[in-house]
Amino acid sequence: MNLILFGPPAAGKGTQAKRLVERRSLTQLSTGDMLRAARSSGSPLGKKVAAIMDGGKLVSDRIVVDLIEERLAACMGCAGFVFDGFPRTLAQAKSLDGLMARYGQSVDVVIRLEVDEEALIARISQRFTAEGRADDNPEAFLIRLHAYKAQTAPLIPYYSEQSKLVGIDGMADVDRVSAQISAVLDQHEHRKMVGAAG
Ligand code: AMP
């Protein structure tokens, strides 16, 4: 089972991805976490992306696709992947399709966490106070939201046309959101089993 957690920044993708890792033994692939790790290690890649990330803009498709490719290649025996914060552009989505096909896999489900913009802004100001992430400051966050609308939202029709997109109420509390995701995945697995049996 390979799924994408899709949604604007602060929709709750990271929190839900971690729960899926614990509960379904999936491997989380978060490009945001990978880039932050590169920064903390002081690597040339980390130095290259630092200012772009702090400004709230997207790093290049090439960089994130390379990071994902490396992880996929290293984990071919994994039970499945939960992509978190990737893909974020149409080019990334197409590259992911190509990479998955190379390993005889595909994206099964895209779960879209739907959250009001006002709620996102409230969440982000709380997270900024709690964690102090530079790109959670109000100016950078508005740029991230803009990047989501302009570059990432076009993935909604892309996955919807492939009948892979499922919307979830991301305004509900964390447990309720997890339960909704779980129901979608159970249903998907059930359909797959019935299909295979028939
Ligand atoms: P995130 O933790 O997913 O919100 O990502 C933090 C920042 O890392 C983003 O604002 C971007 O600057 C960068 N980033 C993470 N994932 C991607 C991606 N798939 N494409 C481009 N930039 C990304």
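**Rings, a ligand and a helix**

Guide: By the ring-centre rule, this predicted model comes to four aromatic pairs.

Visitor: What makes F6 and Y148 an aromatic pair, and why is it called tilted?

Guide: Their ring centres are 6.0 Å apart, and the cut-off for pairing is 6.5 Å, so they count as a pair. The planes meet at 50°; that is neither under 30 nor over 60 degrees, so the label is tilted.

Visitor: What does the F6 and Y148 pair tie together?

Guide: F6 sits in strand 1 (residues 3-6) and Y148 in helix 7 (residues 138-152), so the pair ties together parts that are 142 residues apart in sequence. F6 and Y148 are both buried, too.

Visitor: Then why is the pair of Y158 and Y159 called edge-to-face?

Guide: Check the angle: 75° between the planes, and over 60 counts as edge-to-face. The centres are 5.0 Å apart, within the 6.5 Å limit, so the pair itself holds up as well. Y158 and Y159 are also buried.

Visitor: What makes F81, F83 and F86 a cluster?

Guide: Ring pairs link them into one.

Visitor: On to the ligand. What makes the approach of T31 a polar contact?

Guide: A polar atom in the T31 side chain is 2.8 Å from a ligand nitrogen. The limit for such N or O pairs is 3.5 Å, so this one qualifies. V59 passes by the same reasoning, because a polar atom of its backbone lies 3.1 Å from a nitrogen atom of the ligand. So does R88, with a side-chain N or O atom 2.9 Å from an oxygen atom of the ligand.

Visitor: How much of the ligand does the protein bury?

Guide: The ligand alone exposes 480 Å², and 96% of that is buried by the protein. Around the ligand are 16 residues, and T31, R36, K57, G85 and R88 come nearest. Helix 2 (residues 31-41) gives the largest share of that shell, four residues. By type, the shell divides into six nonpolar, six charged and four polar residues.

Visitor: Last one: which residues of helix 3 are buried, and how do you know that they share a side?

Guide: In helix 3 (residues 44-54), the buried ones are G46, V49, A50 and M53. They span an arc of only 140° around the axis, which means they are on the same side of helix 3. An α-helix has 3.6 residues a turn, so residues three or four places apart point the same way. On the other side of helix 3, P44, K47, K48 and A51 are exposed.

Methods:
Residues are numbered from 1 along each chain as its sequence is written. This is a predicted model: local features need pLDDT of at least 70, side-chain atom pairs count only at pLDDT 80 or more; totals for chains, interfaces and linings use all residues. Side-chain values use heavy atoms; hydrogens and water are left out. A residue is near a molecule or strand if one of its heavy atoms lies within 4 Å of it. A polar contact is a pair of N or O atoms within 3.5 Å; within protein, one must be able to donate a hydrogen and the other to accept it, and residues adjacent in sequence count only if both atoms are side-chain atoms. Accessible areas come from the Shrake-Rupley method with a 1.4 Å probe; for residues, only the protein chains shown count as cover. Helices (H or I, at least four residues) and strands (E, at least two) are DSSP runs, numbered from the N terminus. Ala, Val, Leu, Ile, Met, Phe, Trp, Tyr, Cys and Pro count as nonpolar, Asp, Glu, Lys and Arg as charged, and the others, Gly among them, as polar. Buried means under 20% relative accessible area, exposed over 50%, partly exposed in between (1.4 Å probe, protein chains only). The arc is that of the directions from the helix axis to the C-beta atoms.
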